[in-house]
Amino acid sequence: MDAIMVSGLTKSYGKARGIDSLSLVAGEGEFFGFIGPNGAGKSTTIRTLLGFVRADFGRAEIFGKDITACREEILREVGYLPSEAVFYPGMRVGDVIRFSAKLRGRDCGAEAGRLCDRLQLDTKKRVRELSFGNRKKLGIVCALQHMPRLCILDEPTSGLDPLMQREFFAILKEKNAAGATIFLSSHILSEVQQYCSRAAVIREGRLVACDRVEVLADTGAKRVHVRGNVDIAGLAGVRDVQEGEREIRFLYSGQVKELLSVLCRQEVEDLTVEEPDLEEIFMHYYKK
């Protein structure tokens, strides 16, 4: 069964861009990445999936159920973490967690306690006393304590320090191994590369790619750094050029022998050819 099925989903805000004819599928049990720069339409897609906003066109299902007709039934099986969670500032952390569980009609005390211990969240503090990172931890506990079948996480690691990010992803991997589907919306590509099996790339409200992460990253490009008096004008396969004083950096997806043929006729002092990192590879999905 598909955990998420989206077909031709469109949502606009007057003249403002939302999402346009978006279609994608995330299978049950997948650790799925949803990638795009800020403003690409990631949050609009998620809010539409959860029924917080109504789509203009298209359809979407979660676990085979229509998101409009079966919204309440769907939300019982979903854990959602927004990019910025807001809580009543005067409430204590423990009360917020219990209130969240009570809204779902469940006793989540054991799992909530385990999550608070692992995330080092002080349940006695009031929300107004929490840092942004600790408010994010509180959001994580509220989203995951009821053991949802589908976890939808929108920019979940912003505000978390590196140690807490590592622990957070350890928790997600455990839940995924137990059968939960993880839908991770992020603009941090290293997270997607390390944890997701498949990913979709969204730009300006439209899907531009969807495949296994290793396939998306396999462009055949190399990062080239040349020092010396060099001119690469006219060399095919060059992009993202950065020039400095007697040096040039660029991504190259052409034939290596053509690159060497051009460079061997010039004043090259040093040459480095490396595999590019994921951020560099994915920039061509973001650019027009």
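## Exercises on a four-strand sheet and two buried residues

Four strands make up an open sheet, ordered β12-β13-β11-β14 with antiparallel pairing; strands pair if DSSP finds at least two bridges between them. Helices (H or I, at least four residues) and strands (E, at least two) are DSSP runs, numbered from the N terminus. The model is predicted, so local features need pLDDT of at least 70 and side-chain atom pairs count only at pLDDT 80 or more, while totals for chains, interfaces and linings use all residues. Residues are numbered from 1 along each chain as its sequence is written, and side-chain values use heavy atoms, leaving out hydrogens and water.

**Exercise 1.** Work out which strands stand at the edges of the sheet, and why one side of each lacks a neighbour.

*Solution.*
- Start with the order, β12-β13-β11-β14.
- β12 (238-244) and β14 (267-274) each have a single partner strand, so one side of each is left without a neighbour in the sheet.
- Now look at the twist: neighbouring strands are turned by 15° against each other on average, direction ignored. Axes here are lines fitted to C-alpha atoms, for helices over the stretch in contact, with angles from 0 to 180 degrees between N-to-C directions.
- Finally, check one pairing: β11 (residues 222-229) is joined to antiparallel β14 by seven bridges. Arg-223 stands opposite Glu-274 in β14.

**Exercise 2.** Find the helix that lies across β11, β13 and β14, then say which element gives the most to the nonpolar patch.

*Solution.*
- The helix is α9 (residues 256-263), running at about 160° to β13 (247-252).
- Next, list the patch: Val-256, Leu-260, Val-268, Leu-271 and Val-273 make a nonpolar surface of about 370 Å².
- α9 and β14 each supply at least two of its residues, and β14 gives the most, with three.

**Exercise 3.** Decide whether Lys-42 and Ile-182 are buried or exposed, and find what each one touches.

*Solution.*
- Take Lys-42 in helix α1 (residues 42-49). Its relative accessible area is 5%, so Lys-42 is buried (buried means under 20%, exposed over 50%, partly exposed in between, with a 1.4 Å probe and protein chains only).
- Beyond four places in sequence, the contacts of Lys-42 (heavy atoms within 4.5 Å) include Phe-34, Glu-155 and Ile-202.
- Turn to Ile-182 in strand β8 (residues 181-186), which is buried at 0%.
- With the same sequence neighbours set aside, Ile-182 touches residues including Phe-31, Cys-151 and Leu-172.
- The C-alpha atoms of Ile-182 and Glu-28 are 8.8 Å apart, though 154 residues separate them along the chain.

Terms used:
Patch = residues over 30% accessible without salt bridge, like charges linked within 9 Å, V, L, I, M, F, W, Y side chains within 5 Å. Areas by Shrake-Rupley, 256 points an atom, 1.4 Å probe, with all protein chains shown as cover. Salt bridge = Lys/Arg side-chain N within 4 Å of Asp/Glu carboxyl O.
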